[in-house]
Amino acid sequence: MSDQGVRYTFGSFTFDVPQMTLAKAGQPVKLGGRAANLLAVLAAAGGELVTRDRLLAEVWPGQAIDESAVRVHLSGLRKALGDDGLVVNEAGRGYRLTLPVARATPAQAANQAAPPARPAPEPAAPRPLVRLLGRAEVVASLAAELPERRFLTLAGPGGIGKTSVALATAAALAQDITIRFVDLAPVSDAAWVEGTLATALGLPATGADSFTAVAATLGASPSLLLLDNCEHLVDAVAELAERLLHAVPSLLILATSREPLRAAGEWVHRLPALPIPDDQAQGAASVLAYPAAALFFERARAVRSDFTVDDANAQDLAEICRRLDGIPLAIELAAARVDLMELPELASRLHDRLNLLTRGRRTALPRHRTLRAALDWSYGLLAAEEKELLISLSVFRAGFDAADARGVTGGREMAVLDGLADLVAKSLVVSSREGGATRYRLLDTTRYYGHERLADTGAEGRIRAAHARHMTSLFTDAQAAWEGKAPRDWLAIHSRRIDDIRGALDWATGEDGDIGLGLGLIVASASLWFHLSLADEFLGRAERILEVLDQEAPAGASSTGAVDQAQRVELLAAYGHALWHTRGPVPEMGRAFQRALSIAEDMGDEGLARRALWGVWAHRILEGGYAESLALAEAFTDRIGPDAGLADRQTAMHMRALSHHFMGDHQPALELLQAVIAADADPVRVNHANHAQVDGKVAALSLLMRLQWLMGDINGAMDLARLCAEDAVGTDHALSICYGLAIGCIPVAIAAGEEALAGAWIDLLAQRTTRHALDHWHVFVQGYGAALGRPGAIPAGASAMQVEMFAVAGAAEARARVMARSTPLATPLAAPLAGWHGPLLTV
């Protein structure tokens, strides 16, 4: 052996070389020759990794040794040490001792029986090899607080940078105080905590006066004790910290842990993630101004010297930082991948981040070499009930409250609250106060990890079904919301649920899902999709569910019978609305509403029948069948009867007003619309919903300005147009904005000769139609643009009503289409100039 005349101390063990004698707490321990040689090599490494090749070269020099022989002698060594995990094998890399090892000469060892007369050389804190980014304010704050508070715990999830910040804080205080650093990561037994501290201070690890010696050493000069990686030993560290603070009045303690120690005198500082680029950060310079992006850039340059961030890929970098929650470890691991892939590909593959982010530093703690290992470590420290709660919560895509957690887990109220508090303390769940209530969320990476663990348990189907049922239960007032009668804040509150609704529907319509739960949820939440102007996404999801239902049975396959039929009607009606806003009055829209009407009438459900009848009327008027639409509006009026509620009466009058207007009968239309406006006694907008799923006030103003225009008051119409545009934009609701601009504001502005204003409104309309994939409303952009001489043709699929509007606005192509229509004898459409547009196109 290369070490001669040396005593190694680790935990309660001492090992003397060259005597090759091992003792535990002063009592001899029998050890075989090869096992002793193995221990000598591992002890000489001081707890660092010893590769397999080096171990063979030093213990069996020049010999060809089978791996099984190595395992036999290592087994003997482990048995002598008590088989307590003191020797670990890092697969494919080598072996190491898990306790810190102190090295002393025989003379030094003889003098360690009593406390030293002066402080032993303090254990040096590691010097960081890379810059600490984005933490200057935190470090300054901690350095200012620590002398006053004496005991601080820096808490946060794995990989958040606790050790780096703690070391920087210690360095900031190093001129005035002695820094004592103890890494507890390798310590696997709480009984070894005090001995590990003693060993780190150069003191005997055991003995009756061990704590006295430790206290004397720490009290010999003003000291800061930095206890790193405490989360797996919280009870023992908390007890030791309390004893030390009582025994050494001048001592400061800074601990790092994934959860607070909950010790007397402890102050907890939660370390936040690095600031990440927000939506306003567009160019490279703006994105790189955020510490998370700056960290990625610096680590990426270390891997690939030609790595650059420019305006073309800056948004990919911003997306990476956001999806990794600003966690430094995750960002560093992602940056290590730039030698293999560019930023767009890296961003697109983060859904598989636990398998992607695996190239940590070789010298890092094993749990910091991959993202999965960091989470495995935290997960392994949880109690069984905490594990079950965490993986159940992983089904939430967005924030949730305690009631949501109970809805998914079925747990008792206090048990769930206590579980959430424990997971927050362990930095696996994030909590915040919003509107006087506590809300929770999982970081994205934790959520992905929980997904994997949930799938491994076999309980995924049960938990996801509970999640879908809970989401459905939140929309018990869905019908009121659809009709515009929900409380003002109902849709605003529920808007944050949309990601969880998406997740529940993804599962329900998947291979192992429950289509019945999917049907119930999409029907219950339909008004929310339109409130958020997500008609295109709703359309795709509705088509998927209708396809599955039609494959099972035309009238529903489950035992719930009438309930399923009612939900089918509601889905068909919502599907028809989505078709209108995205594709226009296509035949599928008419068929959907007609089918819904037939089923509702067979069921005898008058409320659903009226809703479906409204859709049949809407399809007819949009495709230009104005006379037939009036008959349908009259049928709707007869159907509701004289004792109908206000909402139904207003709907019926508005339907008749629109039909009369587009037939060219503007006076009765005006009288009906004035009755609608007068009946609306509440001046406060409730939400965006009416039967058309657009804002009721915007819809009324749009028709009113058209009537004033066509009845000769163009100036009054323009005043209303400006008011309507401002009001529609104020709703920030794409469907309402599109309706107000396309049906009312733009055609009135063109008629008034306000082409610049009309052009600005067309551009605004284009922004909304493009952002929300509202193809039907985008046809208005093209048609009105053509009327103003902008390049582009009017789409062939433009509806009859749209073509009439473009013709009146001055588009020659549209005028030609109108004039080319057949007579009523050959088609259900009106004669070319019969209707509201006739007088305006008559030469």
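Where is the place of His-772? His-772 has its place in the loop between α37 (755-771) and α38, and the legends below return to that loop after an overview.

**Figure 1. Overview of the predicted protein chain.** This is a predicted model, in which local features need pLDDT of at least 70 and side-chain atom pairs count only at pLDDT 80 or more, while totals for chains, interfaces and linings use all residues. Residues are numbered from 1 along each chain as its sequence is written, and side-chain values use heavy atoms, with hydrogens and water left out. The protein chain holds 41 helices and 15 strands, where helices (H or I, at least four residues) and strands (E, at least two) are DSSP runs numbered from the N terminus. Of the 843 residues in the protein chain, 53% are buried; buried means under 20% relative accessible area, exposed means over 50%, and partly exposed lies in between, with a 1.4 Å probe and protein chains only. About 35,400 Å² of the protein chain is exposed, and carbon and sulfur atoms supply 52% of it, with areas from the Shrake-Rupley method and a 1.4 Å probe, for which only the protein chains shown count as cover for residues. Among contacts (heavy atoms within 4.5 Å) between residues at least 6 apart in sequence, 67% join residues at least 24 apart.

**Figure 2. The largest nonpolar core and the surroundings of Phe-538.** A nonpolar core is a set of buried Ala, Val, Leu, Ile, Met, Phe, Trp, Tyr and Cys residues joined through side-chain atoms within 4.5 Å. The largest one has 213 residues, and those with the most contacts inside it are Phe-296, Leu-393 and Phe-538. Helix α36 (residues 734-751) gives this core its largest share, 13 residues. Apart from it lies another core, of 66 residues, among them Ala-36, Leu-86, Tyr-95 and Val-248. Leaving aside neighbours within four places in sequence, Phe-538 is in contact with residues including Ile-522, Trp-529, Phe-530, Leu-571 and Tyr-575.

**Figure 3. The crossing of helices α11 and α13.** The axes of helix α11 (residues 291-303) and helix α13 (residues 328-335) come within 8 Å and cross at roughly 35 degrees; axes are lines fitted to C-alpha atoms, for helices over the stretch in contact, and angles run from 0 to 180 degrees between N-to-C directions. The crossing of α11 and α13 is right-handed, a term used if the near helix is turned clockwise from the far one by less than a right angle, whereas anticlockwise gives left-handed. On the α11 side, Ala-292, Leu-295, Phe-296, Arg-299, Ala-300 and Val-303 meet Pro-328, Ile-331, Glu-332, Ala-334 and Ala-335 of α13. An α-helix has 3.6 residues a turn, so residues three or four places apart point the same way.

**Figure 4. Two buried helix residues, Asp-404 and Gly-450.** Asp-404 is in helix α18 (residues 402-409) and counts as buried because its relative accessibility is 1%. Not counting residues up to four places away in sequence, Asp-404 touches Phe-396, Arg-439, His-470, Leu-474 and Arg-497. Gly-450 is in helix α20 (residues 444-457) and is buried, with a relative accessible area of 2%. The C-alpha atoms of Gly-450 and Leu-390 are separated by 6.8 Å, although these residues are 60 residues apart along the chain. With neighbours within four places in sequence left aside, Gly-450 is in contact with Ile-391 and Ser-394.

**Figure 5. The loop before α38 and its contact with Ser-533.** His-772 counts as buried at 16% relative accessibility, whereas Ala-773, which lies in the loop between α37 and α38, is partly exposed with a relative accessible area of 27%. Ala-773 has a positive phi of about 55 degrees although it is not a glycine. Not counting residues up to four places away in sequence, His-772 touches Leu-532, Ser-533, Asp-536 and Ala-734. Ser-533 is found in the loop between α26 (526-531) and α27 (535-552), has a positive phi of about 60 degrees although it is not a glycine, and counts as buried at 3% relative accessibility.

**Figure 6. Helix α38 and the residue that follows.** At 1.5 Å a residue, the 13 residues of helix α38 (residues 775-787) should span 18 Å, and its end C-alpha atoms are 19 Å apart, which agrees; the expected span is 1.5 Å times one less than the number of residues. The buried residues of α38 include His-776, Trp-777, Phe-780 and Tyr-784. Gly-789 follows α38 and has a positive phi, near 85 degrees.
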